[in-house]
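Reader: I am new to this structure and should be grateful for a close look at a single part, the aromatic rings. Please first set out the surroundings in which they are to be understood.

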Amino acid sequence: MAARSGGSSFVQPLHPPSPKSPPKYPDLYGKRRERAKVQMLEREISFLEEELKSVEGFQPASRYCKEVTDFVMANSDPLIQLKNQKSCGFWKWLCGLPCFNMACTSCCCNSGCCCYLKCPECWKCSLCDCSLCNCMSCKCCTSSDCIACKCSSCDCSSCNCGSCFSCCKVPKWQCCCRKMCCCNFQPPSCTNCCSCKWKCYCPKCPKLCNCFSCTKTCCNPCC
Amino acid sequence: MSVAELKERHAAAIEAVNDLRERLKQRRQQLLDADGHKLHSFSLLYYLAGYARSLGRSQVTFGPTDLVCCRTLQGHTGKVYSLDWTPERDRIVSASQDGRLIVWNAQTSQKTHAIKLPCAWVMTCAFSPTGQSVACGGLDGMCSIFNLNSATDRDGNLPVSVTLNGHKGYVSCCQYVPDEDIHIITSSGDQTCVLWDITTGLRTTVFGGEFQSGHTADVLSVSINGTNSRVFVSGSCDGTARLWDTRVASRAMRTFQGHEGDVNTLKFFPDGNRFGTGSDDGTCRLFDIRNGHQLQVYYQQHGDKEVPLVTSIAFSISGRLLFAGYSNGDCYVWDTLLARVVLNLGSVKNSHENRISCLGLSADGSSLCTGSWDTNLKIWAFGGHRKVI
C-alpha cells in the first residue's frame with residue numbers, strides 16, 4: 001500500500017509477498033501405495049494365521065532331531081574316519097609328511113604323484129586301483145607343494161624294487177618315480193649268471209652282470 | 001477410504017503381524033519344551049545338541065594334522081568372492097574382485113580358463129551341472145553365462161554366451177538347477193529371486209517383489225534342494241530365510257524367523273529336509289523345512305570382542321560337519337549334532353590370511369575349498385586317522 005504524501009501520516013508497512021498455496025489435489029499415488037502396503041500386511045496376517053493353525057498338528061521337535069541324528073549316523077563321511085581305520089597316508093605325503101606305512105606299498109597313492117588328489121578307496125590301501133593313476137599330467141606341477149611330482153610318466157604298479165630300502169635314501173614311494181635309481185645297489189656276483197635271480201626293473205639299470213665269467217648283457221632271461 | 005484411515009489400518013496390521021509372530025514363536029517353543037529334552041534354560045539354542053547328548057552321542061575330534069591344506073590355488077589378484085565345484089570332475093570356478101573368473105583343475109592346480117568379465121564387479125559364480133558352462137553375476141544386475149568350449153575372441157577372451165537381464169538390482173547369488181544346464185536361479189538386491197530359462201534368456205518365474213509376498217529387503221543367497229530341485233531357500237537382509245516352490249511364485253511356502261541380522265548364506269542339509277543359515281548376527285542355524293522349527297543355533301562366545309559375521313557355510317556329505325567362514329578369518333568346523341567347534345581352519349598351518357568369503361565341498365565330499373580376501377583359494381582334505389571317542 002503506497003504511503004500518503006505530505007503531512008504527518010501513518011505509513012502502513014508493506015506486507016511480504018504471500019503467494020497463493022497450490023490447490024489441494026488428491027495424493028493418489030501416496031494413497032495407492034499406502035493401500036498396497038496394507039494389502040500386503042493383511043496377506044501376511046492370513047499366512048501367519050494359517051501357519052499358527054498348522055503348528056498345532058506338528059509332532060514334538062525331538063522326532064525331527066531323531067531324523068537328523070539317524071541320517072548323520074547312517075552315512076559315512078570322507079572327512080571323518082572311523083576308529084582304527086588308517087588312511088594310506090597319501091594326504092600325509094601331499095602335505096610333506098613321509099608315509100612309512102608298510103601296507104601302502106601296493107597303493108598307487110604311494111606313487112608320490114600329486115595328480116591323484118583323490119584316493120577315496122585308500123582306507124585300505126590294497127583296494128586302491130593303481131590303473132586309475134593318470135600321472136601323465138604331472139608335468140604341470142610347478143608348485144612347491146608338489147615336491148616329488150616331476151615324473152614324466154609314473155608307472156606306479158611296476159615298481160618292484162625290493163632292494164629299494166637298502167639303497168634309496170628316500171622312502172620307497174619316491175623311488176617309484178625313478179628319481180632315485182636303486183641301481184646304485186651293487187648286484188651280487190654270481191658264478192652262473194644264467195641262474196642269477198637278481199632282477200632290476202629300474203630303467204637306468206644297465207642290466208649287466210658283474211660275473212667275471214658272464215658274457216651276457218642281461219641276466220634277465222626275458223631281456 | 002482416506003489416507004489417514006489407511007495409515008491407521010496400516011499401523012493396526014503391523015501390530016497384528018507382530019502379535020501373530022510372537023504367538024507362533026511361543027507355540028514352537030512349547031513344542032520343544034514338551035519333549036523334556038532341553039538341557040539348558042535356553043533350550044531354543046541347544047535343542048538338537050541336547051537331544052544328541054541325551055542319546056550319548058560322542059563328539060568328533062580332530063588332530064592337528066587331520067584336516068590339512070593340500071593345495072593353494074594362486075592366481076587371482078583381488079579378493080575372492082565366490083567359488084563353486086563342478087559336480088562331475090574336480091574343477092572349481094572362482095570369481096574375484098580382479099574382474100575375472102578362473103576355472104581350476106583341483107588335482108593339478110592348473111588354470112584351465114581365465115575369463116575376463118565385461119563387468120568387473122562380480123559377486124557370484126556357479127558351474128553348470130555338466131561342467132560345460134559357468135555363470136556369474138554382480139553389480140551390473142545381470143547374470144552372464146560363458147560356454148567353456150567356445151572359441152575365444154580376437155583379444156583372447158571367452159565371449160558371453162547368454163546374458164540374463166531383468167533384475168532391478170545387483171545379482172548376489174546364482175545356482176544352476178541340479179541336472180539341468182538350462183535353468184538357473186538368481187537372487188538379487190531388488191528383493192526377488194528369479195528362475196531363468198537360459199535357452200531363451202527369459203525369466204520363467206519371479207519370486208517375491210512388489211506385488212507378491214516375499215522378502216522385504218535385499219536377497220543375498222539361494223540354495224536349491226539337492227533331493228527335490230523344485231524347492232529352494234533364500235536368505236535376505238530382512239533377517240529371514242524363505243522356502244519357495246518353483247511352481248508357486250505368489251508366496252513363499254514358509255518364512256523362517258530367528259536371525260537378528262542379514263542372512264548372508266544358506267545351504268541345504270544333505271537329507272533335503274533341513275537347511276543351515278549363516279548371518280551377520282554371528283550365528284549359524286539349522287531349520288526344518290517341513291515345520292519351520294529352528295533345531296539348533298551354532299554360536300561361539302567372543303567375550304567383549306566384536307562378533308564376527310558368518311560369510312559362508314557348507315555341510316559335509318553326511319551332515320555331521322558344518323563348515324562356517326567368518327569375517328575375522330576364522331573357519332570353524334562345527335559338530336552339527338553336538339553344536340561344538342571341533343576345529344578352526346583359520347588357525348592351522350597354511351591357513352588363509354584374511355576373511356574367508358566363500359567355501360564349498362566337492363561332489364564326493366572328500367575335499368573342501370575355501371576362498372578368501374587374501375586372493376587365494378585353498379583345498380583341504382583329510383590327512384590322517386581319527387577316532388570317534
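Author: Accessible areas are obtained by the Shrake-Rupley method with a 1.4 Å probe, and for residues only the protein chains shown count as cover. On that basis chain A has an accessible surface of about 14,400 Å², and 56% of this belongs to carbon and sulfur atoms. The model is predicted, so that local features need pLDDT of at least 70 and side-chain atom pairs pLDDT 80 or more, whereas totals for chains, interfaces and linings use all residues. Residues are numbered from 1 along each chain, chains are lettered from A and ligands numbered from 1 as written, and side-chain values use heavy atoms, without hydrogens or water.

Chain A contains 5 helices and 0 strands (DSSP runs, H or I of at least four residues and E of at least two, numbered from the N terminus). Of its 223 residues, 39% are buried (under 20% relative accessible area, with exposed over 50% and partly exposed in between; 1.4 Å probe, protein chains only).

In chain B, strands 2-3-4-5 form, in that order, an open sheet with antiparallel pairing (at least two DSSP bridges between two strands). Strand 2 (80-85) and strand 5 (111-116) of chain B each have a single partner strand, so one side of each lacks a neighbour in the sheet. Strand 2 is joined to strand 3 (residues 91-96) of chain B by 5 bridges, and B:Leu83 has B:Ser94 as its bridge partner there. A further open sheet of 4 strands in chain B has the order 6-7-8-9, also with antiparallel pairing.

Against this background, the rings may be considered. Over all chains there are 12 aromatic pairs (Phe, Tyr or six-membered Trp rings with centres within 6.5 Å; stacked under 30 degrees, edge-to-face over 60, otherwise tilted). One of them is edge-to-face, because the planes of B:Phe207 and B:Phe232 stand at 75°, with ring centres 5.0 Å apart. This pair links strand 13 (residues 202-207) of chain B, which holds B:Phe207, to strand 15 (residues 231-236), which holds B:Phe232, across 25 residues. B:Phe232 also pairs with B:Trp244; their planes lie at 15° and their centres 6.4 Å apart, so this pair is stacked. B:Trp244 belongs to strand 16 (residues 241-245) of chain B, 12 residues from B:Phe232. B:Phe207 and B:Phe232 are both buried, and B:Trp244 is buried too. Elsewhere, B:Phe256, B:Phe268, B:Phe275 and B:Phe287 are linked by ring pairs into a cluster.

Finally, B:Trp373 meets charged side chains (Lys NZ or Arg CZ within 6 Å of the ring centre and within 35 degrees of its normal). The charged end of B:Lys79 sits over this ring, 3.8 Å from its centre, and B:Arg355 lies over the face of B:Trp373 at 4.2 Å from the ring centre.
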